[in-house]
Each structure stands twice: as C-alpha cells, then as structure tokens.
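Subject: Structure for your files

Hello,

Here is the structure you asked about. Please open it alongside this message.

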2 protein chains.
Amino acid sequence: MSVLVVGSVAYDSVKTPVGSREDALGGSATFFSVSCSNFDQVSLVAIIGEDFRDQDIKLVESHGVDVSGLERVAGRTFRWSGVYGTEDVNTRTTLDTQLNVFADFSPTLNESHRTEPYLFLANIAPSLQLDVLRQMKTRPKLVALDTMDFWIEGSNDELTEVVREVDVVFMDQGEARSFAKAANLTQAAKTIHDLGPKTVVVKRGENGVLVFHNGQPFAAPAVPLDRVVDPTGAGDTFAGGFMGYLAATGDLTERGFRRAAVLGSVMGSFVVEGFSLDRLTAITRNDIETRFRQLTELTRFEPLADDETLPSRTK
Amino acid sequence: MSVLVVGSVAYDSVKTPVGSREDALGGSATFFSVSCSNFDQVSLVAIIGEDFRDQDIKLVESHGVDVSGLERVAGRTFRWSGVYGTEDVNTRTTLDTQLNVFADFSPTLNESHRTEPYLFLANIAPSLQLDVLRQMKTRPKLVALDTMDFWIEGSNDELTEVVREVDVVFMDQGEARSFAKAANLTQAAKTIHDLGPKTVVVKRGENGVLVFHNGQPFAAPAVPLDRVVDPTGAGDTFAGGFMGYLAATGDLTERGFRRAAVLGSVMGSFVVEGFSLDRLTAITRNDIETRFRQLTELTRFEPLADDETLPSRTK
C-alpha cells in the first residue's frame, strides 16, 4: 500500500532554548513524508517558490518520497518563524507567517495520486482538504486530517464538513476542546466520533497522545528525552509514523491503531532532537526499533492476574 | 506494615465548572490517609481548630485511619479557597489561604508513630518535615515527601536538606523544573536523584505521572474521565494509593513502584469525580480493581516480538 500527503513545504526560522536556525527546511508535508517513508511508499503534493533549494528536494527524494506532486511556481516559498519557551520548550509563539506561494495553493492530483489507498490531509484550508478528497477516484481505505486553531475559529463550517468525511482526526488537546466545544477531552472525542471519524488522535506534546478508537481510549506516552532541540514538526512526524504503520501493515484493527500510535510517538521523539529534519533524516531502522522497545519498557507494568486482588487493609 | 502521614487537615471552599462547595473537608493528610486506608493501616498527624466538625473526624475514622495524632487546639481550622478554570479544569487560582491553627503546627509523634515503617511527609514547611524525620526512632523503610512552589521559592535550603534524606519525592512538573533548575524533566529528575532520592514522581495532572526510579522512567497515564467535578486532593490521593501499595506488599522493587504508580493514578481518578472526599469515601474494592484493569487496557499494545521487525518501505 502507499500514502498520499497534501500539505505545506516551508522554510522555518526558529529560536529555541538550545539555539536558532534560519530558513531551515520544514512544512507539514515534508516532516510527514520523510517520517512515513521509513515504512511505506509516500507521495507528496505541495507548492514551493523559485527560491526553493534543489538540495532540499534531493534530500526528500533520497528518502524515497515521490515528489512528482511538488509544484514550483513564481514567488517565494512559504515561511514561518517562531520562538519556543525557555521555561517550557513546548510553548511557542509565532513571530511571523508569510504564506507567499502557499496563498494560492490549489492542489491538483495526478492520475496515480487519485487512487492512493491512504490519504493524509495535512494542516491546510479545510476547503482545500475537501477539494483533494473530491479529486480521489476511489474512496481511500483510510483518510486522516490535521488542522489548527486558525481553521477551527475562521472556517468552522468547512472544517466540520471535511471532518464528517474522514476516518481519523489529529488535533492537539486545545484544538479538540475548541472544535468540539467541550472542556473534557473524553466528551470532545465523543462529539468528533459522532460527526463520523472512528479515530480521534489527541496530541499532548511531551505528554504523549490519547487515541480514541471506536470510543475506546489508548494512551501512548512521549519518550522522555534528555534534550529537546526543536519541537517543530513533531505532530506531522507523529502522523507520518502513524499512517506509515497502518498503510504498510494494512492492520486497521484496534491492535494496528495502537501500534501505529506508539510508532508515531517514537518518530516524533526523534525529530525534536534536532533542528529541522536533521535528526529525522539521520536515523536508522535500528534506532527506530530500539526506541520502540524503549517506549514499550516505559509503559510496562504487571497487570492484575485474572484471579488476583489488590492488597487490602481489612483482609 | 503501616503508614504514617504528617500534613494538613483543612476546610476547602472550591468553585469548579460543575459547581461549588463551601467549607468542605480537605487537606493533604485527609486525602492521603483515606486513599491509603484501602490498602494498609494508616496513622494521621495533623492539627485542627475548635470549629472542626466531629462528623468529619468520624468519617476519617470510619475508614480505619488512626486519628490519635489529630491534635485539636484553640482557634479555627486551616482554610483554603480556590477556583478551577472553565476552559481547562486543571488550572486553578487560589483565592484565599487562612493558615489559622496550621500556622503554629508543630507535629509531635507518639511512641507508636515513631517506629512506623512507611512515612509520608505531606506538603508542609520543610523544617517541619525534617523535624518529623528526626523524631523517628528508627529510619523508616521508605520516606516520601510532597512539596509546593511556595517552599521551593521561599525555603529552598531547608527543602534541599530534607530532600537529601528521603527516598521518594512527589512534585508536579513545574515544581520539579523549578526545584532542579532544569527545563527538561529528565534532567530535573537526574538532579533530584543526585541529591539522594531513588524515586522521583513527576505529577502531570490529567496527563498522568512520570516516575523516575533508579533513573529508569515509567509513564502511568491518568484515566480519561467523562466528567471531572473537583481536582482538589488528586495529588495526595495519588500518593495515598502509591504508598499504600508499597507498604501493604513491601515490594520495593521496580515492579512494586510501577504498580504503586498505577494504583495511585487509579485512586486519583476517583477523587476528582466528586467534591471533597465524596467519591473517595464511597468507592468499593470492586470499583478500585475494575479501574486498575481499565488503566491496564488504556495502556496495552502489542510489543515487538524479539525477532520481529517493523515494516519497511525498502524491504
């Protein structure tokens, strides 16, 4: 099986407690596709400007990503800049967003894209997400979307329309609460389930993810790291591991979704260890499997046996 | 085995998105001891005023808690009032703190208290925590302490002195970062380990806990709840389940600490379902064991088998 991602390719300028980087390769589709490429074939649809560096295309291609859907047009590439907190590296402030060529992005899928069985609609305008879905010749086996506060607040109707048509929704906890108009995350997940999606992935940064699959919650922690260099792209890298696992195995049972979430968490833990895609493009299969086992160890405890009871004062 | 807790007994006035309660039974030693009493014998040392209601003493006693160390003096009982966020019930603002009789609390242990094998120093002045530790005739098998920002900022030297002498430290993530002067939690835990404690429990509210035991991290999630009524006392209730499990089983291996953390999380999940101790005093053993199994299910995923590899694009 294979995966199609439609999203952004960008240049990011970030400042974190560890250092800073100017015009570094970023964008939701970039992080997603490089992460996903470890596990399955992935095609990327995005837009870049004249200033986009050939070496960055080559880097993504070198990970086996099909970049035939990467459209280059006149103008400058999408740019984002932000700064991460010194007290808590998980809090960030956007300094500047220049949409540039991304402002006129109108994704056009080629013939092979239109039959891809797994589709990830990264964080773009809900109207574009819906347009991409309409271009598919056959309904993919699995469609997932990511979004952000900007669309929840400004394009709520369009977002709700596309949410109704997808299988998996990725939101951070603030977005889930805000979209569902529910302070309680379990209630928020129920509201989203009721719209259609069977799976709601609530991202909690360094606190891991909560996956509500057919109403059943699963908690996957983040791997505690000695050093977080740059959190940019963690959510899309998570989604790349998650979708990559599902597409490669075709296991859409609860077992598959749980393992996919763990693998997503593993992939997210790498990307934050470096700026941009530095660490993500350097890891080996052995690194990934070692950390998957590390995350298993992180959550391991001895369950109560069927006939076992907890200790009691009155016994 | 049995447990001694020294801390506060208080009347709390709280306002949460669900409702409000005036002068409701609270205090760290109260939540801790009622939680712990499910699993093992527990004795409480605390101070109350003339206004303290007999029915509240009876309630605690009815859970088998030894209240011989509950000292009643002239004056009013410690009072705290606060309001919890409507957007996020986990954020709280203190409206008022009246120390009252708690301002002159000078815990005096009786003979039987002085030989208790498990000791929980709840959130009181570090100098009092140290004084209690000095009153013990024999070094307990396990000493744990909880603290708060107020002492980290205002009594850092005294707090550091007592931290050096305990086995387990409970802090929320902000407190751990602030005490250890490290934004990264893994680094913060290492700094605290280096002072002496083998176990650092980092509380993350609805995101569960991270337990660093001999440097190895263990993540126990919180149980996602449909409805959070009042988060007051969740941390102390967690600690009560945690210490109760360790004291009752005597299992101070990594296996024991991991199960203790899960049981702590289970107990914390009950107390927030009601105001004050309403829910905590109403649960049955069956409720506790059912939720322990529910938390097991919440974290369950299929690990990689020894000879299993993850799917690969290039294979």
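The notes below cover how the two chains meet, then one sheet and one helix pair.

This is a predicted model, in which local features need pLDDT of at least 70 and side-chain atom pairs count only at pLDDT 80 or more, while totals for chains, interfaces and linings use all residues. Residues are numbered from 1 along each chain as its sequence is written, and chains are lettered from A and ligands numbered from 1 in the order in which they are written.

The two chains

A turn of 180 degrees with a shift of 0.0 Å along the axis lays chain A on chain B, with an RMSD of 0.0 Å (least-squares superposition on the C-alpha atoms of residues with pLDDT of at least 70 in both copies). The copies are therefore related as by a two-fold rotation axis. In chain A, the C-alpha nearest that axis belongs to N207(A), 3.0 Å away.

Chain A and chain B each put 53 residues into the contact (two residues are in contact if their C-beta atoms, placed from the backbone, lie within 7 Å). On the side of chain A that touches chain B, α10(A) gives the most, with 8 residues. Helices here are DSSP runs of H or I with at least four residues, and strands are runs of E with at least two, numbered from the N terminus. By class, this side of chain A has 25 nonpolar, 14 polar and 14 charged residues (Ala, Val, Leu, Ile, Met, Phe, Trp, Tyr, Cys and Pro count as nonpolar, Asp, Glu, Lys and Arg as charged, and the others, Gly among them, as polar). Since 100% of the interface residues of chain A are also interface residues in chain B, the copies meet through the same surface.

A sheet in chain A

Four strands of chain A form an open sheet with mixed pairing, in the order β3-β2-β6-β7 (strands pair if DSSP finds at least two bridges between them). The edge strands of chain A, β3 (19–26) and β7 (92–98), each pair on one side only. Strand β2 (residues 10–16) of chain A pairs with β3(A) in the antiparallel sense over 6 bridges, and D12(A) stands opposite A24(A) in β3(A).

A helix pair in chain A

Residues P126(A), S127(A), Q129(A), L130(A) and L133(A) of α3(A) meet E158(A), L159(A), E161(A) and V162(A) of α5(A). By class, this contact has 5 nonpolar, 2 polar and 2 charged residues.

Regards
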